[in-house]
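Dear colleague,

I am handing over the structure below, since you will be working with it from here on. Please look through it first, and then read the notes that follow.

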Amino acid sequence: VQLQASGGGLVQGGGSLRLSCAASGSIFSINLMAWYRQIPGNQRELVATITRAGSTNYADSVKGRFTISRDNANNTVWLQMNNLKPEDTSVYYCLANVAVTGTAYAKSYWGKGTLVTVSS
């Protein structure tokens with residue numbers, strides 16, 4: 001199973017970016033999908049989660065500005081980030097909890113990070 005994230009870049013404060021993450025491989029189904037972010041030297045922090053049924057949860061710091069969504073048919077998750085602030089600058093990682101085809105277990109996989117830089 002592989003997760004490919006994209007959409008990062010440089011944006012001015014107040015601007016918007018949309019991150020995407022597509023999962024591929026031996027996927028039977030994907031349970032929870034999530035976005036995390038990490039500044040080098042700091043702990044990775046949860047940004048947002050979404051269940052297969054579409055229930056969402058957000059970190060307080062991004063509520064009202066970020067929206068997580070997913071397409072179950074295409075194993076893809078997005079993070080729409082609006083009104084970006086310099087403190088949102090970080091490397092963003094996607095996570096998928098995958099029920100692997102032909103097995104009786106689920107395993108979490110990480111995508112490679114995508115850098116978001118917000119200038120003041």
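Two strands are said to pair here if DSSP finds at least two bridges between them. Please keep in mind throughout that this is a predicted model.

With that rule in hand, strand S3, which covers residues 17-24, and strand S8, which covers residues 76-81, pair in the antiparallel sense over six bridges. Within this pairing, Leu19 stands opposite Leu79 in S8. As general background, strands of a sheet pair through backbone hydrogen bonds, and the pairing may be either parallel or antiparallel.

These two strands belong to an open sheet of four strands, arranged in the order S1-S3-S8-S7 with antiparallel pairing. Its edges are formed by strand S1 (2-6) and strand S7 (66-71), each of which pairs on one side only. On average, and ignoring direction, neighbouring strands of this sheet are turned by 15° against each other.

Strand S3 also takes part in a covalent link. A search of the whole structure finds one disulfide, and this disulfide joins Cys21 to Cys94, with an S to S distance of 2.0 Å. The link connects distant parts of the chain, for Cys21 lies in strand S3 and Cys94 in strand S9 (residues 90-100), 73 residues apart. With 55° about the S-S bond, the link of Cys21 and Cys94 is right-handed. Are its two ends buried or exposed? Cys21 has a relative accessible area of 1% and is therefore buried, and Cys94, at 0% relative accessibility, counts as buried as well; the cut-off for buried is under 20%.

The remaining notes concern aromatic rings. The count comes to one aromatic pair, and it is made by Tyr36 and Trp110, whose ring centres are 5.0 Å apart and whose planes stand at 70°, so the pair is edge-to-face, a class that requires planes over 60 degrees apart. This pair, too, links distant parts of the chain, with Tyr36 in strand S4 (residues 27-38) and Trp110 in strand S10 (residues 106-110), 74 residues apart. Trp110 has a relative accessibility of 41%, so it counts as partly exposed.

Which rings does the charged end of Arg44 sit over? The charged end of Arg44 sits over the ring of Tyr93, 3.7 Å from its centre, and also over the ring of Trp110, 4.5 Å from its centre. Trp110 therefore appears both in the edge-to-face pair with Tyr36 and beneath the charged end of Arg44.

With best wishes

Conventions. Residues are numbered from 1 along each chain as its sequence is written. This is a predicted model: local features need pLDDT of at least 70, side-chain atom pairs count only at pLDDT 80 or more; totals for chains, interfaces and linings use all residues. Side-chain values use heavy atoms; hydrogens and water are left out. Axes are lines fitted to C-alpha atoms, for helices over the stretch in contact, and angles run from 0 to 180 degrees between N-to-C directions. Rings of Phe, Tyr and Trp (its six-membered ring) pair if their centres lie within 6.5 Å; planes under 30 degrees apart count as stacked, over 60 as edge-to-face and the rest as tilted. Buried means under 20% relative accessible area, exposed over 50%, partly exposed in between (1.4 Å probe, protein chains only). A charge sits over a ring if NZ of Lys or CZ of Arg is within 6 Å of the ring centre and within 35 degrees of the ring normal. A disulfide is a pair of cysteine sulfur atoms within 2.5 Å.
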